[in-house]
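Please open the structure in your viewer and keep the selection panel at hand. The stops below each name what to select and then say what is there.

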Amino acid sequence: MDKQFGRKFSVLLVLLVAIVAIVVAGCTTPTPTPTNQTTGPITIVSMVAGEPESLDPAYDYESAGGEILQNVYETLVYYEGADVTKPVGVLAKSWEMSEDGLTYTFYLKENVTFHDGTAFNASAVKYTFDRGVIMNLDPWQSCISPLLAGGLDYMNSNQTDADQQAYLALDTVHVVNETTVQFKLTKPYGAFVPVLSFYAASIISPTYDQANGGYKANEESAWMTSHTCGTGPYVMTSWDRKDKIVLDKYANYHGTPAANDKVIIRYVDDWNTRFLAIKKGEADLIYAPTTYANDIKNESNLVLETGRGTLSVTYIGFNQKEKVFQDKRVRQAFIESFDAESYLNDVSLGYGKRVNGPIPEGLPGFNANLPYQKYDPEHAKALLQEAGFNKSNPTTIVLNYNEGNDNRKQACLMLKDQIEKYDLGITIDVQELDWPTYTAKNRAKELPIFYLGWLADYPSADNFIGPFCYSEGYYADKVSYKNETIDAIYQEALYETDPAKQAAMYTEITNGVNNDSAYIWSTQAVEFEVHTKQLKGYQWNPMDSHLRYFTMYK
């Protein structure tokens, strides 16, 4: 997950199951009932690295913002505990699918209010989805708009007033009554309900949005990017830039109330500062790179929650807009200069798994038999010499990572050290960027080569194949990667209902991308969270964008 925005886009679709019958899901709000053992107000302090870029669900597409969104907003469905195999109702009580797979009907919870006191209802759902399509920004382009009837046509239009009215006239999201809403799809898509768990589909207050400027096509909302109004267990009460965000318990929450009264999320990029704070009792949880696992284990008052696999992939991307990376030999040389095995063992200390392509282990379509990229410095040097690099013609290449992520810093330094050892006049300038700047430059295709990660928007292999491999996918677009043969296979795979055939096509796509030397595949992360022993109620779900706080107390 991670604008100036083009109109064309990839429909990130994959039919996970054949659609032949009506599906009905029961309502189970994923809200545990904690036991509060402390009297008086409870404040939870979390220290993380990198503040959000935006807090507008229609715009934000990165994990720092996603963490806030999932605590103050809610979606129609989500997942219970660590189980991502079956969506459960949050703002929806139940849903059903038509026999042709083109219409989904959702029956909504009653007596739910937004933080401004207005009522949640089907009209709010319609407003949220119409707003997301018309705004036409990254997260909606990536996962939602292409699925909706007329959505792709609107994306490929000029988004004029007439185009907007033409889309809205389709009534794609239809209010049956105030507790029932219908979605009309372009084509049958078996993962539509899981897509609605993505925080971009968080339901916002129409009254609040309209009172603060409303929305426009292809524009970020200046107000909603720094303010929120959802139905979640917390109200965001302040955001002090580059310092902290404060969440207060929502007194009129429709579900089980939060087990604490206030959450303060502090943005501290320096590891030593975060580590000292939790040891002194000034923080209850901290973001910790795995490279500091042994330091954490040596502290008797700290708990390290780890071991369960995430639905994520970290990688190094080559921007093929840059002349140096238009040469496949150079990309291949950089791949063969990165010792992924040593990085996993020596930097990540074994907390993670190597990856052989864009699909992480644990999703249908993952193929464990695909080979890993090989580390071969001798051959890499020969490739760079063949590509014309030498000391008489020095070259400097900027390699970026996000500030505060020490693991990624070490990975970049490892690559720098190996490339410069060849003594071919190549200097790798490793530069850190604060998170909002990093994501903005990535969207603008201004990063020559960079270390980044992708966390699933929803649990489907296509949510990895599409972004990385299809030329109009999110990351392929950012690195200017295009292979027409792969594009054609991807389009065929979109509607393949046979899982085995679809998996075979994903393998073919992955092999093609690897043959093109499009990315350095690094690791699949595992759960790695640190908190004090006094903190109770920690829960983990691989679909969470970092932490949910409403179950925590002390």
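Begin by selecting Ser145, which sits in the loop between helix H3 (138-143) and helix H4 (151-155). Bear in mind throughout that this is a predicted model. Is Ser145 buried or exposed? With a relative accessible area of 0%, Ser145 falls under the 20% cut-off and is therefore buried. To see what surrounds Ser145, display Gly132, Val133, Trp140, Gly151, Leu152 and Met155, with which Ser145 is in contact once its neighbours within four places in sequence are set aside.

Now zoom out to the whole protein, in which there are 18 helices and 20 strands. Its C-alpha atoms fill a box of roughly 70 × 55 × 40 Å, taken along the principal axes. A compact globule with 554 residues would have a radius of gyration near 24 Å, and the 23 Å of the protein agrees with this. If you colour by burial, 59% of the 554 residues count as buried, while on the accessible surface, which comes to about 20,500 Å², carbon and sulfur atoms account for 48%.

Next, select the seven strands of the open sheet, whose order is E8-E9-E10-E1-E11-E20-E12 and whose pairing is mixed. Which strands stand at the edges of this sheet? They are strand E8 (234-240) and strand E12 (302-309), each of which has a single partner strand, so that one side of each is left without a neighbour in the sheet.

Start at the E8 edge, where E8 and E9 run antiparallel and are joined by six bridges; Asp240 has Lys244 in E9 as its bridge partner. These two strands form a hairpin with three residues between them, and Lys242 in the turn has a positive phi of about 60°. Select E9 by itself and you will find that five of its six residues are buried, which leaves the strand mostly covered. E9 also pairs with E10, in the antiparallel sense and over five bridges, and here the residue to pick is Asp248, whose bridge partner in E10 is Lys262.

With these strands still displayed, add helix H1 (residues 63-72), which lies across E8, strand E9 (244-249) and strand E10 (262-267) and runs at about 145° to E8.

Further along the sheet, select strand E1 (residues 43-48) together with strand E11 (residues 285-286), a pair that is parallel and held over two bridges. In this pair, Met47 stands opposite Ile286 in E11.

For the last stop, move to strand E15 (residues 395-402) and strand E16 (residues 426-433), which run parallel and are joined by eight bridges. Between them the chain passes through helix H13 (residues 406-421), and this β-α-β crossover from E15 to E16 is right-handed. Then add strand E17 (residues 449-455), which runs parallel to E15 and is joined to E15 by two bridges.

Which residues face Asn400 in the neighbouring strands E16 and E17? In E16 the bridge partner of Asn400 is Gln431, whereas in E17 Asn400 stands opposite Phe450. Selecting Asn400, Gln431 and Phe450 together therefore lets you follow both pairings of E15 from one residue, with the general background that strands of a sheet pair through backbone hydrogen bonds, either parallel or antiparallel.

How values were computed
Residues are numbered from 1 along each chain as its sequence is written. This is a predicted model: local features need pLDDT of at least 70, side-chain atom pairs count only at pLDDT 80 or more; totals for chains, interfaces and linings use all residues. Side-chain values use heavy atoms; hydrogens and water are left out. Two strands pair if DSSP finds at least two bridges between them. Helices (H or I, at least four residues) and strands (E, at least two) are DSSP runs, numbered from the N terminus. A crossover is right-handed if, with the strands pointing away from the viewer, the path from the first strand over the helix to the second runs clockwise. Contact means heavy atoms within 4.5 Å. Axes are lines fitted to C-alpha atoms, for helices over the stretch in contact, and angles run from 0 to 180 degrees between N-to-C directions. The radius of gyration is taken over C-alpha atoms; the globule rule is 2.2 Å times the number of residues to the power 0.38. Buried means under 20% relative accessible area, exposed over 50%, partly exposed in between (1.4 Å probe, protein chains only). Accessible areas come from the Shrake-Rupley method with a 1.4 Å probe; for residues, only the protein chains shown count as cover.
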